[in-house]
Amino acid sequence: FETTIRALGGLLGAHALTGDGIYVKRAKDLGQRLLPGLKGNAKGIPYSDIDVGRGVGGFRGGMASTSEATSLGPENFALSQITGDPSFAKAANSVNKLFH
């Protein structure tokens, strides 16, 4: 959650302000590293923690926070729109369907 809203959101915001493609490149790389966490466990609940180097997620606190799990959409929808890669929006939509 924190990495999504701060780092990924920051990269997307920097791109929106500057138009510099390096921010899109870095945002897509980070988004791909976060994607396993967004896809979550067998029930589709996003992991609260993700090792971005290994692509392994888990629940270090023992459970998922509903507010964290359900607020990952805006950055992932924007990333899909900017990159043309639907995988980010698809994963966010899956979470939305699970909770809404």
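Reader: Which residues does leucine 8 touch, not counting residues up to four places away in sequence?

Author: In this predicted model, leucine 8 touches Thr3, Ala27, Leu30, Gly31, Glu75, Asn76 and Leu79. Two atoms count as a contact when they are heavy atoms within 4.5 Å.

Reader: What makes leucine 8 a notable member of the largest nonpolar core?

Author: That core has 13 residues, and Leu8 is among those that touch the most other members, together with Leu12, Ala27, Leu30, Leu35, Leu38 and Leu79. Helices H1 (2–18), H2 and H5 each supply at least two residues of this core. H2 gives the most, with five residues. In general, nonpolar side chains tend to be buried together in soluble globular proteins.

Reader: Why is threonine 4 called buried?

Author: The cut-off for buried is under 20% relative accessible area. Threonine 4 has 8%, so the residue counts as buried. Its place is in helix H1. Leaving aside neighbours within four places in sequence, threonine 4 is in contact with Gly9, Leu34, Leu72, Glu75 and Asn76.

Reader: How many salt bridges does the structure hold?

Author: The structure holds three salt bridges. One of them joins lysine 28 and aspartate 85.

Reader: Why is the contact between lysine 28 and aspartate 85 called a salt bridge?

Author: The criterion is a side-chain nitrogen of Lys or Arg within 4 Å of a carboxyl oxygen of Asp or Glu. For lysine 28 and aspartate 85 the closest N and O atoms are 4.0 Å apart, so the pair is counted under that criterion.

Reader: What does the pair of lysine 28 and aspartate 85 tie together?

Author: Lysine 28 lies in helix H2 (residues 21–39), and aspartate 85 lies in the loop between helix H4 (73–83) and helix H5 (87–99), so the salt bridge ties together parts that are 57 residues apart in sequence.

Reader: Which of the words buried, partly exposed and exposed applies to lysine 28, and which to aspartate 85?

Author: Buried ends at 20% and exposed starts over 50%, with partly exposed in between. Lysine 28, at 28% relative accessibility, is therefore partly exposed. Aspartate 85 has a relative accessible area of 18%, so this residue is buried.

Reader: How do you know that aspartate 29 and arginine 33 form a salt bridge?

Author: Their side chains meet at 3.1 Å, N to O, and the limit is 4 Å, so the pair qualifies. Both residues lie in helix H2, four residues apart, about one turn of the helix. Aspartate 29 is partly exposed at 34% relative accessibility, and arginine 33 is partly exposed at 36%.

Reader: What makes arginine 54 exposed and aspartate 51 partly exposed?

Author: Arginine 54 has a relative accessible area of 61%, and exposed means over 50%, so the word applies. Aspartate 51 has 30%, so this residue is partly exposed. The side chains of arginine 54 and aspartate 51 meet in a salt bridge (2.9 Å, N to O).

Reader: What volume does the largest pocket have, and which residues are closest to its centre?

Author: The volume is about 330 Å³. Of the 20 residues that line this pocket, the closest to its centre are Phe1, Thr4, Tyr47, Ser48 and Ile50.

Reader: Which elements supply the lining of the largest pocket, and how do its residues divide by class?

Author: H1, H2, strand E1 (49–51) and helix H3 (66–69) each supply at least two lining residues. H1 gives the most, with four residues. By class, the lining has 11 nonpolar, six polar and three charged residues.

Notes:
Residues are numbered from 1 along each chain as its sequence is written. This is a predicted model: local features need pLDDT of at least 70, side-chain atom pairs count only at pLDDT 80 or more; totals for chains, interfaces and linings use all residues. Side-chain values use heavy atoms; hydrogens and water are left out. Buried means under 20% relative accessible area, exposed over 50%, partly exposed in between (1.4 Å probe, protein chains only). A nonpolar core is a set of buried Ala, Val, Leu, Ile, Met, Phe, Trp, Tyr and Cys residues joined through side-chain atoms within 4.5 Å. On a 1 Å grid over the protein atoms alone, a cavity is a set of points where a 1.4 Å probe fits but cannot get out, and a pocket is an open set with protein on both sides within 12 Å along at least five of seven lines; lining residues have an atom within 4 Å of a point. Grid points are joined across faces, edges and corners, and a volume is the space filled by probe spheres set on the points. Ala, Val, Leu, Ile, Met, Phe, Trp, Tyr, Cys and Pro count as nonpolar, Asp, Glu, Lys and Arg as charged, and the others, Gly among them, as polar.
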